[in-house]
Amino acid sequence: MKLIALPAFTDNYIWMLHDGHRALVVDPGDAKPVLEGLHHMGLQLETILVTHHHTDHTGAVAILRQTTGAKVYGPAHEVMPEPLSRLCGGDQLQSLGLTFEVIDVPGHTAGHIAYYCAAGDETPLLFCGDTLFSGGCGRLFEGSPAQMLASLDKLAALPDATRICCAHEYTLSNLRFAAAVEPANQTLMDYAESARDLRARLQPTLPSTLGVERQINPFLRTRQTAVIQAAQAIDACAQDEVGVFAALRLWKNRFQ
Ligand code: ZN
Ligand code: FE
């Protein structure tokens, strides 16, 4: 099974999984890179997975469904281009001979879902949309800090080897913030150097792995002493874990 990050717009990735014949894409905001990819590799689009309702993730769903006949899956509780199969946490779907499990991850949007695939002999896959990014997390447009923290906790409970397929290339700016939070985290500094090197060669920094994210992503590290202290230095009211997470998220929003 081959995994490809198709660049779209300025910093989106449309993830494509294929077996040489059939393909699945996640969050197709733009049809062009998908149709070109299908054409160049001679693939039939079987499945479209959508994580949330934002246009940069849904813009090409209708046209791709019409032109390829692909089956569309998306969140149960968001406004979506119809028709589609609506899913929520605990549901499963099959595509390309693989099973995908749905995880509810509200926070960026109210009905955001993620797709986890144990992937048989290969390392597991997570398509997490705009919930978890490498070195960061999505903005809280429709959810509370408590909801987003609970969503990230669910993702953090997946196996370390899980390949984290995020929908945006935000890694370098996220890592600048992460370095401000944890300047003494050497794993973070080493990871940032390899990420800068990849971007200098115009390569994606993704997929990341959950094991790496647990060591470098401040939003998965809100119970670490260094992260708690950094959050409290910015906001003395950040006492409990939700308070620490909320202070970090607000600090990131202002961070240049
Ligand atoms: Zn979004
Ligand atoms: Fe997005």
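His57 is buried in this predicted model, with a relative accessible area of 0%. His57 is one of the protein donors of the iron ion (ligand 2), and this iron ion lies 3.2 Å from the zinc ion (ligand 1), with Asp130 bridging the two metals. A search of the whole structure also finds 11 salt bridges. The points below take up the two metal sites, then selected salt bridges, and finally the crossing of helices α5 and α6.

**The iron site (ligand 2)**

- The iron ion (ligand 2) takes its protein donors from Asp56 (OD), His57 (NE2), Asp130 (OD) and His168 (NE2), at 2.1 to 2.4 Å.
- Along the chain, these donors of the iron ion (ligand 2) follow the spacing D-H-x72-D-x37-H.
- The four donor atoms make angles of 85 to 169° at the iron ion (ligand 2), and the site is irregular. The upper value lies outside the tetrahedral range, because four donors count as tetrahedral only if all angles lie between 85 and 135 degrees.
- Two of the iron donors can be set side by side in terms of accessibility: His57 is buried, at 0%, whereas Asp56 counts as partly exposed, at 22% relative accessibility. The label for Asp56 follows because buried means under 20% relative accessible area.

**The zinc site (ligand 1)**

- The protein donors of the zinc ion (ligand 1) are three histidine atoms and one aspartate oxygen, namely His52 (NE2), His54 (ND1), His108 (NE2) and Asp130 (OD), and they lie 2.2 to 2.3 Å from the metal.
- The site of the zinc ion (ligand 1) is likewise irregular, with angles of 87 to 171° among its four donor atoms.
- In sequence, the residues that supply these zinc donors are spaced H-x1-H-x53-H-x21-D.
- His52 sits in the loop between β4 (44–49) and α2 (55–58), and His108 in the loop between β8 (98–104) and β9 (113–117), so this pair of zinc donors ties together parts that are 56 residues apart in sequence.
- His52 is buried, with a relative accessible area of 0%, and His108 is buried as well, with a value of 4%.

**The link between the two metals**

- Asp130 appears among the donors of the zinc ion (ligand 1) and also among those of the iron ion (ligand 2).
- Asp130 thereby bridges the two ions, which are 3.2 Å apart.

**A salt bridge between loops**

- Arg221 and Glu182 form a salt bridge through their side chains, with an N to O distance of 2.7 Å.
- This pair links distant parts of the chain, 39 residues apart: Arg221 belongs to the loop between α7 (210–216) and α8 (225–234), and Glu182 to the loop between α5 (171–181) and α6 (186–200).
- Both partners are buried: Arg221 has a relative accessibility of 12%, and Glu182 has a relative accessible area of 6%.
- Elsewhere, salt bridges that share partners join Asp19, Arg22 and Glu46 into one network.

**Salt bridges of Asp19 and Lys32**

- Within that network, Asp19 forms a salt bridge with Arg22, and the closest N and O atoms are 3.0 Å apart.
- Asp19 is partly exposed, with a relative accessible area of 27%, and Arg22 is also partly exposed, at 33%.
- Lys32 lies in helix α1 (residues 31–41), where its side chain meets that of Glu36 in a salt bridge of 3.4 Å, N to O.
- Lys32 and Glu36 are four residues apart in helix α1, about one turn of the helix.
- Lys32 is exposed, with a relative accessible area of 55%, whereas Glu36 is partly exposed, at 37%.
- The C-alpha atom of Lys32 is separated by 10 Å from that of Phe9, a residue 23 positions away along the chain.

**Helices α5 and α6**

- The axes of α5 and α6 come within 10 Å of each other and cross at roughly 155°.
- This angle makes α5 roughly antiparallel to α6, because angles over 145 degrees count as roughly antiparallel.
- The crossing in which α5 passes α6 is left-handed.
- The loop between these two helices holds Glu182, the residue that pairs with Arg221 in the salt bridge of 2.7 Å described above.

Note on methods: Residues numbered from 1 in each chain as written. Chains lettered and ligands numbered in written order. Predicted model: local features only at pLDDT ≥ 70, side-chain atom pairs only at ≥ 80, totals over all residues. Heavy atoms only, no water. Donors = N, O, S within 2.8 Å, 3.2 Å for Na, K, Ca; no water. Tetrahedral: all angles 85-135°; square planar, octahedral: opposite > 155°, others 65-115°. Buried < 20%, exposed > 50% of the residue type's maximum accessible area, 1.4 Å probe, protein only. Salt bridge = Lys/Arg side-chain N within 4 Å of Asp/Glu carboxyl O. Axes fitted to C-alpha atoms, helices over the stretch in contact; angles between N-to-C directions. Parallel < 35°, antiparallel > 145°, perpendicular 65-115°, else oblique. Left-handed = near helix turned anticlockwise from the far one by under 90°.
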